[in-house]
Amino acid sequence: MIKFIFILLFIPSLTFATTLKEKYTFLPTPILVKEGKKLYQDNGCSVCHGDKGKGDGPLASGLKNKPRNFKDYEEMKRMPTIRMEQAIHDGLQGTAMPAFNQFSDSQVEALTEYLRSFLVDSYDDLKMCAFQTYHIDAQNLKKPFTVEVDEPQKFAVKVRGKTISFRGKNWTDLLGQKVHRTHLRVIQAGQITSLISIKVYPCKKEVNEMLKTIPLQKAGTDKLEPKVQ
Ligand code: HEC
């Protein structure tokens with residue numbers, strides 16, 4: 001009987017801990033290139049950035065600061081979306097990059113997505129807490145795929161059927177950092193087809209909330225996870 005009451009008391013909190021820990025999302029849908037492509041062509045972006053975004057347009061060789069190669073994974077994975085949007089809207093002082101402040105926010109967004117499409121079919125930014133496991137539904141991928149992470153020593157990725165699961169291996173290591181940026185890429189037939197840029201936050205408040213809900217912790221037997229300051 002006592003055991004039964006114990007279970008009744010703790011089931012709700014266990015469920016709470018699980019919902020905080022397990023997160024679900026979908027692989028980003030393919031980029032719609034049409035509008036961005038038209039804006040890119042109509043506004044002469046390719047004169048500097050090149051038809052395929054490789055930074056090799058006819059004017060490029062004469063520029064002091066060369067446009068980067070939008071097809072380069074190493075360069076582009078660390079390029080924040082906000083920086084691309086600002087560069088388009090405000091230009092980049094001291095360089096040949098002009099300001100296109102006549103564009104609406106949605107036009108700037110369409111252009112930025114088009115620039116991403118030079119490298120990948122789909123792109124997304126994801127925010128997660130260090131203690132969370134993200135399950136990404138990849139049903140929309142028709143061809144076989146594999147998944148890689150930037151720092152396999154720090155992050156684990158597993159594919160089961162068409163679900164990609166991603167988590168920090170030893171998440172307490174990530175608690176000392178304000179935010180840790182990492183990347184997950186989906187590979188099909190030797191090509192990176194999807195890129196997810198992940199910002200991992202320590203979420204100390206949520207960690208402490210979660211630890212409070214773990215029954216063993218309450219009973220004082222769990223010394224594994226110290227209270228996070
Ligand atoms: C006259 C040449 C020129 C034209 C035209 C031009 N750009 Fe640029 N753009 C540059 C150069 C040069 C840079 C790199 C500046 C740097 O960071 O050194 C740049 C940087 C950028 C960046 C920021 C990425 C980065 O490397 O930091 C974006 C995004 C961008 N351009 C988009 C566009 C779009 C979209 C258009 C058309 C609407 C366009 N550019 C037209 C020359 C040009």
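Leaving aside neighbours within four places in sequence, which residues is N65 in contact with? Keep that question in mind while opening the structure, which is a predicted model.

**Stop 1: N65.** Select N65, in the loop that runs between helix 3 (46–49) and helix 4 (73–76). Its relative accessible area is 39%; because buried requires under 20% and exposed over 50%, N65 counts as partly exposed.

**Stop 2: the partners of N65.** Now add G94 and T95 to the selection: these are the residues in contact with N65 once its neighbours within four places are set aside. For G94, show the backbone oxygen, which is 3.3 Å from a polar atom of the N65 side chain. Then pick the C-alpha atoms of N65 and A96; the two residues are 31 apart along the chain, and the distance between these atoms is 7.5 Å.

**Stop 3: strand 8 and strand 2.** Move to strand 8 (residues 191–201) and strand 2 (residues 122–129), which run parallel and are joined by eight bridges. To see a facing pair, select M128 together with V200 of strand 8, which stands opposite.

**Stop 4: strand 8 and strand 7.** Keep strand 8 selected and add strand 7 (residues 180–188); this pairing is antiparallel, with nine bridges. Here T182 stands opposite I198 of strand 8.

**Stop 5: the turn.** What do strand 7 and strand 8 form, and how many residues are between them? The two strands form a hairpin with two residues between them. Select A189 in this turn and check its backbone torsions: phi is positive, at about 50 degrees.

Conventions: Residues numbered from 1 in each chain as written. Predicted model: local features only at pLDDT ≥ 70, side-chain atom pairs only at ≥ 80, totals over all residues. Heavy atoms only, no water. Helix = DSSP H or I, 4+ residues; strand = E, 2+ residues; numbered from the N terminus. Buried < 20%, exposed > 50% of the residue type's maximum accessible area, 1.4 Å probe, protein only. Contact = heavy atoms within 4.5 Å. Polar contact = N/O pair within 3.5 Å; in protein donor to acceptor, adjacent residues only side chain to side chain. Pairing = 2+ DSSP bridges.
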